[in-house]
Amino acid sequence: MLNKTSRLDRLSLWGTGLKTGMAAIAAAVMFATLSPALAQQPTAEAPPVVEAPATAPADAAAPVEAAPEAVVAEEVVEEAAPAVELTVDKGDTTWMLVSTVLVLLMIIPGLALFYGGLVRAKNMISLLSQVLIVTAIGMLAWVGWGYSMAFTDGGGINSFVGGFSKLGLGGVTTSTMVESFSVGVAIPEIVFVAFQMTFACITTALVLGGVAERAKFWGIVLFAILWPIVVYYPMAHMVWWWGGPIMASDPANAQALVDGAGLIWSFGALDFAGGTVVHINSGVAALVGALILGKRKSYKSEPIRPHNLTFTLIGTGLLWVGWVGFNAGSNLESNGYAGLALINTFVATAAGAVSWGLAEAIFKKKPSLLGMASGAVAGLVAITPAAGFAGPMGAIVLGLIVGPICLFACSGLKNMLGYDDSLDVFGIHGVGGIVGAIGTGIVVAPQLGGAGIVDYANGGVAIYSDYVTQVIAQLKGVGVTLVWSGVGSAIVWTIVKLVTGGRVKEDTEEEGLDLNEHGEAAYH
């Protein structure tokens, strides 16, 4: 039973929450009011630019570069190449609609059940509520300002973040288009907006596992508003903002293509579906949050066991199914590359589950269901940046490698450093994302069965320079992600702690967050 003091604490907590909520609503109203005036008007037939080798956005603010002026040589004037006409295929559009729904399935109920089963029964409602509210806020923020910050031209700071030309989706209509990864092929921009919206939502939701069982609900609300602005939207822009296939197909645009791209894309780093943007990013944010909020009261002093591994396995299955949309959907077309991403999502995951289970059998004498489920997720994480680049055998190798590495990160490394990352977000998503991002630079090689890198300026042939060059590009991308996410997340979590206190009181944590923060219990 709650005593009088705890009830007063709850009233104070709700008061703080209402103030935070009112501030968020006021900000949303302000953006909605200003967006028509600030949004750039769409240019007739000017498609948005696509994103980097993984997804792709764009916007009339970053139009395809005009063809260079005609060159006069020996009295002969070369005619400008005819403009490429964009076409939208209903099959591609249908696939993207399905993929978007699959990614939503990953979050609710997939991630919610996966995480929910891992916490103690007294915190089940708390965890489910946090996943739900983060997803809801993420969708509203994406439409309000997130899409514009991630996938428009940022002017003088374009290497790091986009601008405000599409606040409130100004200029996005049913007739505007986004290039895919084939010259002349596009999908409706509104579909691309929805697809990328689910990525923004799940990335923020993944972070919750690092601070589970102690983070305040209203602190999470504030985090869900601030963190994407400071960290996620800039990261998505740095990795996936580029000029698109039409611009890249003209060799004369080579330097302009690099100069107008996001920072990590300009390195030549490959990230098909979000190894850096989603997984390393969320893993680092979870670790930083765990360090700033501190350990759970009972951490290391008493056993903290998952309360329902059945839910966790159901969540694993839903994540696996939804991840097909996550990875294969990032191709933006329904073709052979989507099929490659699909089979890689199957076999890398299977390899991760097997290798983690075998490692447990060897070192702990018993393979556990939790371990094999964790290994499956580690395999999913590792293949994400390589989904459309690796061959199936390369995907299997990534899965086999990442399982034992993440097992060590979630046990040995965690114990050595002494941090309380409740649900091992850093150990699986952070470390697994690093393994996958670096490994992508190797498994993409055609000589290893990889798909190579499309050279648009040379007719779309698959090329690959060398291992050293590509791995260095991948390392640079990983390095920027670690620094940007680490510093940005530290700023946001510090603000959350100062404004809301960050974590619940010890007696609330002891009794459980469900009753104290939500007045509900998951089980009766």
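This passage describes the overall make-up of a predicted model and then looks at several of its local features.

The chain is built from 17 helices and seven strands. Of its 524 residues, 57% are buried. Sequence-distant pairings are well represented: among contacts between residues at least 6 apart in sequence, 80% join residues at least 24 apart. On the outside, the chain exposes about 20500 Å², and carbon and sulfur atoms supply 69% of that area.

A good place to begin a closer look is helix α2, which spans residues 90-118 and includes Leu113. Leu113 and Ile314 are separated by 201 residues in sequence, yet their C-alpha atoms lie 7.0 Å apart in space. Once neighbours within four places in sequence are set aside, the contacts of Leu113 are Phe311, Thr312, Ile314, Gly315 and Leu318. Helix α2 also holds Pro109, and the peptide bond joining Ile108 to Pro109 is cis, with omega about 15°.

Further along the chain, Thr152 sits in the loop between α3 (124-151) and β4 (177-179). Thr152 counts as buried because its relative accessibility is 0%, below the 20% cut-off. The side chain of Thr152 has a polar atom 2.6 Å from the backbone oxygen of Ser148. A polar atom of the Thr152 side chain is likewise found 2.9 Å from the backbone nitrogen of Gly163.

Two loop residues stand out for their backbone angles. Glu213 is not a glycine, but has a positive phi of about 75°. Glu213 belongs to the loop between α4 (189-207) and α5 (217-240), and with 5% relative accessibility it counts as buried. Asp424, also not a glycine, has a positive phi of about 60°. The loop that holds Asp424 runs between α13 (392-417) and α14. Asp424 has a relative accessible area of 18% and is therefore buried, since the cut-off is under 20%.

From that loop the view moves to helix α14 itself. The axes of α9 (residues 275-293) and α14 (residues 425-443) come within 8 Å and cross at roughly 145°, and the crossing is left-handed. On the α9 side, the contact is made by Gly275, Thr276, His279, Ile280, Ser282, Gly283, Val284, Ala286 and Leu287. The α14 side contributes Val425, Phe426, His429, Gly430, Gly433, Ile434 and Ala437. Taken together, the residues of this contact comprise eight nonpolar, eight polar and no charged ones.

Definitions and conventions
Residues numbered from 1 in each chain as written. Predicted model: local features only at pLDDT ≥ 70, side-chain atom pairs only at ≥ 80, totals over all residues. Heavy atoms only, no water. Axes fitted to C-alpha atoms, helices over the stretch in contact; angles between N-to-C directions. Helix = DSSP H or I, 4+ residues; strand = E, 2+ residues; numbered from the N terminus. Left-handed = near helix turned anticlockwise from the far one by under 90°. Contact = heavy atoms within 4.5 Å. Nonpolar A, V, L, I, M, F, W, Y, C, P; charged D, E, K, R; others polar. Buried < 20%, exposed > 50% of the residue type's maximum accessible area, 1.4 Å probe, protein only. Areas by Shrake-Rupley, 256 points an atom, 1.4 Å probe, with all protein chains shown as cover. Polar contact = N/O pair within 3.5 Å; in protein donor to acceptor, adjacent residues only side chain to side chain.
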